[in-house]
Amino acid sequence: MSMNTRSMIFTIYGDYIRHYGNEIWIGSLIRLLKEFGHNDQAVRAAISRMSKQGWVKAEKRGNKSYYSLTERGVKRMEEAAKRIYKIRPEKWDGKWRILVYTIPEEKRSVRDELRKELVWSGFGTISNSCWISPNNLEKQVYDLIDKYEIEPYVDFFIAQYDGPHTNKLLVEKCWNLEEINQKYEEFISVYSQKYIIDKHKIQRGEMSDAECFVERTKLVHEYRKFLFIDPGLPEELLPNEWMGSHAAALFSDYYKELAVPASRFFESVFMEGNELKKKDEEYDVYDHPFIVD
């Protein structure tokens, strides 16, 4: 599985660096990414691009360059952690949130961005420019209206569906749950085998800390993809054979198995050139925003 250097850096910031003062020496970052087969040049090019895009900022201390997340980068990480909760099925209040817009052609780029954000938040389309969700997303909707300054072009409703079909049929019109379930099944079939093999290797002392670090990062990286496709529908609206909760339980078990050795490897690399004392005292290596209790 080949992974884009820039998105790997984002994963490592989100999963590790943000718990260690949000900053890392470029030498340590290069060393960590070497484990995934990314070379020095690729890491420098990716971090420089992230810096130009405003996600990270550089600081020279002596002859060393340190990179920390900018305010925008921190906000992105926090937002991602919050949005992760959308793949936890919520208790449904029986109501639908409906957003309708008519954004003019000259604001086409705004319309495209808004669409991406709505999908990411868990909305589905019932018809052109009409988006619905059963989840309590009022705050997100009003944040998007403010962010894109589209107040003149939108209307937002909270309503009950009165037929002539069922709520479940409405869900089938807006989301392809079969396809999402298929993706969960693929994840389960690959990772349940890996989990059993790695668990035995760890117990027998046959898996190095570096290998655990690589596997834990890949696991998070793969599971994160569900954020973009699973709308996080309430349990009442899901098919009976929904695989999302099985995938969540597998992720949780596998993550916890890899957590300690993976963190140990990260710290062994981080210790050279960075300050361990910046580590967040409340950070629990067994905990991850993806883990559903």
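**Exercise 1. In this predicted model, work out how many residues of domain 1 and domain 3 are in contact, and what the interface is made of.**

Start with the bounds: domain 1 covers 5-73 and domain 3 covers 177-272, with domain 2 (96-159) as the remaining one in the division. Next, count residues on each side. You should get 16 residues of domain 1 in contact with 17 residues of domain 3.

Now look at the area. The two domains bury about 1,600 Å² between them, and 69% of that is on carbon and sulfur atoms. On the domain 1 side, Tyr16, Tyr20 and Leu32 do a lot of the work: together they supply 39% of the area buried against domain 3, more than any other three residues.

Then check the polar side of things. Hunting for salt bridges between domain 1 and domain 3 gets you zero. Polar contacts do turn up, though, with five residue pairs across the interface.

Finally, sort the domain 1 side by element and by type. At least two residues each come from α1 (5-15), β1 (23-25) and α2 (26-34), and α1 gives the largest share, five residues. By type, that side of domain 1 splits into nine nonpolar, three polar and four charged residues.

**Exercise 2. Find what glutamate 138 is in contact with, leaving aside its neighbours within four places in sequence.**

First place the residue: glutamate 138 sits in helix α6, which runs over residues 138-148. With the sequence neighbours set aside, its contacts are Arg97, Phe156 and Ile158. Now zoom in on arginine 97. Its side chain and that of glutamate 138 make a polar contact at 3.3 Å.

**Exercise 3. Track down the backbone oddities at serine 129, glutamate 149 and proline 164.**

Keep the usual pattern in mind: most residues other than glycine have a negative phi, and most peptide bonds are trans.

Take serine 129 to begin with. Its phi is near 65°, so positive, and it isn't a glycine. You'll find serine 129 in the loop between β5 (124-127) and β6 (130-133).

Glutamate 149 is another non-glycine with a positive phi, about 50°. Its spot is the loop between α6 and β7. Is glutamate 149 buried or exposed? Its relative accessible area is 65%; the cut-off for exposed is over 50%, so glutamate 149 counts as exposed.

Last, check omega going from glycine 163 to proline 164. The value is near 10°, and this peptide bond is cis. Proline 164 belongs to the loop between β7 (154-159) and α7 (167-174).

Note on methods. Residues numbered from 1 in each chain as written. Predicted model: local features only at pLDDT ≥ 70, side-chain atom pairs only at ≥ 80, totals over all residues. Heavy atoms only, no water. Domains from an automatic or database assignment. Contact = heavy atoms within 4.5 Å. Buried area = accessible area lost by both parts, 1.4 Å probe. Salt bridge = Lys/Arg side-chain N within 4 Å of Asp/Glu carboxyl O. Polar contact = N/O pair within 3.5 Å; in protein donor to acceptor, adjacent residues only side chain to side chain. Helix = DSSP H or I, 4+ residues; strand = E, 2+ residues; numbered from the N terminus. Nonpolar A, V, L, I, M, F, W, Y, C, P; charged D, E, K, R; others polar. Buried < 20%, exposed > 50% of the residue type's maximum accessible area, 1.4 Å probe, protein only.
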